[in-house]
Amino acid sequence: MSQAPFVLGWEEWLALPGLGLPALKAKVDTGARTSALHAFAIEPFGVAGQREVRFGVHPVPGRNDIEVFCRGLIVDRREFTSSNGEAELRYVIETNVKFGDHAWPIEISLTNRQTMSYRMLLGRQSIAEDALVAPHRSFQQPELSYAVYERPSARRRPLRIAMLTREPDNYSSRRLVEAAVQRGVVIATVDTARCSLRISPDAPALDFAGRPGADFDAVIPRIGRSIASHGVSVVRQFEALGRYALNGAEAIAIARDKLRAHHVLARHGIAMPRTAIAYSARDARQLIDMVGGTPVVIKLIEGTQGRGVVLAETRKAAESVFGAFRDIDAAVLVQEFVTEAEGADVRCVVLGGRVIAAMQRQAAPGEFRSNLHLGGSALKVKLTPEERKLAQRAALAIGLELAGVDMLRTRNGPVVLEVNASPGLEGIEGITGKDLAGLIIDHICARATPGVETPVQVADHAPERSGANGK
Ligand code: ADP
Ligand code: MG
């Protein structure tokens, strides 16, 4: 018997033969307990007591065209704290790890962050007791090569997108469907109100109006106020299946709550009108003082499209409006009225951290709210570099990939009014002449991955409409 110690450097080649991964470069990380593998399209299946998970791996960093689909037995589903400090629920599977002639079983958690330069982290639980870790050395074990993956890849199918909306026939929905079809992408509009979730410790599942949500590679959430909290749950579950959501559940939840959004924007140092909230109608006076006196704007925390936004010119009016809202238990915020905006605001559409279009909206005569739904008109606008930067920072702060950032031009520079998670495309495509729907679909195509053919089939044609979509 050889007495030479088994040494692992801080990076090593290894194989996971049970998963069909003959060569992976791993970072040996004794700071982590469990090993982790970066996977996508994570999808549980199987029967109770024998639950399995199917997932894709891009074994070669930077080569997303090379993908291997694997399956493994689920041994656990646990919460992990990822490097950004957020809790994440992951599947844990068991499989053999192999270095040269040595192999032993290890537990691996599956996570879907694709940005890591190592596809695998080897945690301390996975390191054999008699192994030595030499943190200053690398590749102590036999080297392997990625060349093993250079073979014709599995049959690809077109990307499948589900658009969650209660309004499949409005301008934005129609344009997104049109843009997807033009690009050969399968898209279905799914009524958010007809989505159901199975909550289960080991087998979460989604039903999109009678079809498995797991059939889709990506969702475009266009979630209106009436269905916001259910819609956020649907998106959260979709993300938990390892799928791509154009806007994540957490960011949507922040955006739809004006108060929470203001807190987040403030924390990121983003300029906004002076804003305050109070609980009791008895504190209306202090509240108005906090924002610098009247005139003030009073807003429902969960309002949209200008509904629930009221201008109070005098203290008396402000106190009674605030009191009336509180009487019916409506949560509101009070904001300084930016008089010099003169009924105009600037809407920027931010996609993937870049402003892709902007317009000015001018309120109808006698109206201070510039929402297009209230008769406002769309005008061309040229953004200042400061405005552009502010819009990008606001979208980033909330965490939205696609956002409509509304700003007012004040004498002290731009301030952010709100950040919308499903910006309408109608006025802004018209006034800018830009194909925003196309840019959005391209953005999704660059990020979501179509799986190989799955056992449950979705008809590969497009567009599709669910006839049951009501309003
Ligand atoms: P909603 O979510 O209902 O669109 P907003 O906060 O965007 O609510 O307000 C609607 C519109 O009212 C804005 O687009 C803007 O034209 C006007 N408005 C809102 N807040 C202010 C304010 N503090 N000062 C001046 N105008 C405002
Ligand atoms: Mg608005």
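Here a biologist and a modeller talk through a predicted model of a protein chain with a ligand.

Biologist: Before we start, how are things numbered, and which limits apply to this model?
Modeller: Residues count from 1 along each chain as its sequence is written, while chains are lettered from A and ligands numbered from 1 in the order in which they are written. Side-chain values use heavy atoms, without hydrogens and water, and because this is a predicted model, local features need pLDDT of at least 70 and side-chain atom pairs pLDDT 80 or more, whereas totals for chains, interfaces and linings use all residues.

Biologist: Thanks! How many helices and strands does the protein chain have?
Modeller: Both kinds of element are DSSP runs, numbered from the N terminus: helices are H or I with at least four residues, and strands are E with at least two. The C-alpha atoms fill a box of roughly 90 × 45 × 45 Å along the principal axes. Within the chain there are nine helices and 28 strands.

Biologist: What share of the residues is buried?
Modeller: Buried means under 20% relative accessible area, exposed means over 50%, and partly exposed is in between, with a 1.4 Å probe and protein chains only. The protein chain has 471 residues, and the buried share of them is 51%.

Biologist: Now to the ligand. Which residues come nearest to ligand 1?
Modeller: A residue is near a molecule or strand if one of its heavy atoms lies within 4 Å of it. The 21 residues around ligand 1 divide into seven nonpolar, seven polar and seven charged. For that split, Ala, Val, Leu, Ile, Met, Phe, Trp, Tyr, Cys and Pro count as nonpolar, Asp, Glu, Lys and Arg as charged, and the others, Gly among them, as polar. Those that come nearest are Lys258, Lys299, Gly306, Asp345 and Glu418.

Biologist: How much of the area of ligand 1 does the protein bury?
Modeller: Look at the polar contacts, which are pairs of N or O atoms within 3.5 Å; within protein, one must be able to donate a hydrogen and the other to accept it, and residues adjacent in sequence count only if both atoms are side-chain atoms. An oxygen atom of ligand 1 is 2.6 Å from an N or O atom in the side chain of Lys299, and an oxygen atom of ligand 1 is also 2.6 Å from a polar backbone atom of Gly306. Taken alone, ligand 1 exposes 540 Å² (accessible areas come from the Shrake-Rupley method with a 1.4 Å probe; for residues, only the protein chains shown count as cover). Of that area, the protein buries 98%.

Biologist: Which strands give two or more residues to the shell around ligand 1?
Modeller: Ligand 1 sits in the largest cavity. The elements giving two or more residues to its shell are strand 20 (296-300), strand 22 (332-336) and strand 27 (413-420).

Biologist: Where does Gln305 lie, and how far is its backbone from ligand 1?
Modeller: Gln305 is in the loop between strand 20 and strand 21 (309-312). Its phi is positive, about 55°, although Gln305 is not a glycine. Gln305 is partly exposed, with a relative accessible area of 30%. From a backbone N or O atom of Gln305 to an oxygen atom of ligand 1 is 3.3 Å.

Biologist: Which residue's backbone nitrogen does the side chain of Asp217 reach?
Modeller: Asp217 is in the loop between strand 16 (211-212) and strand 17 (218-221). Asp217 counts as buried because its relative accessible area is 5%. At 2.7 Å, its side chain reaches the backbone nitrogen of Arg160.

Biologist: And which backbone oxygen does the side chain of Arg160 reach?
Modeller: Arg160 is in strand 12 (residues 160-164). Arg160 counts as buried because its relative accessibility is 0%. At 3.1 Å, its side chain reaches the backbone oxygen of Asp215.

Biologist: Where is Pro295, and what is the peptide bond from Thr294 to Pro295?
Modeller: Pro295 is in the loop between helix 5 (284-290) and strand 20. With omega near 0°, the peptide bond from Thr294 to Pro295 is cis.

Biologist: Last one: how far apart in space are Leu14 and Ile301?
Modeller: Leu14 is found in strand 2 (residues 11-16), and Leu14 is buried, with a relative accessible area of 0%. Leu14 and Ile301 are 287 residues apart in sequence. In space, C-alpha to C-alpha, they are apart by 53 Å.

Methods:
On a 1 Å grid over the protein atoms alone, a cavity is a set of points where a 1.4 Å probe fits but cannot get out, and a pocket is an open set with protein on both sides within 12 Å along at least five of seven lines; lining residues have an atom within 4 Å of a point. A molecule sits in a cavity or pocket if more than half of its atoms lie within 2 Å of its grid points.
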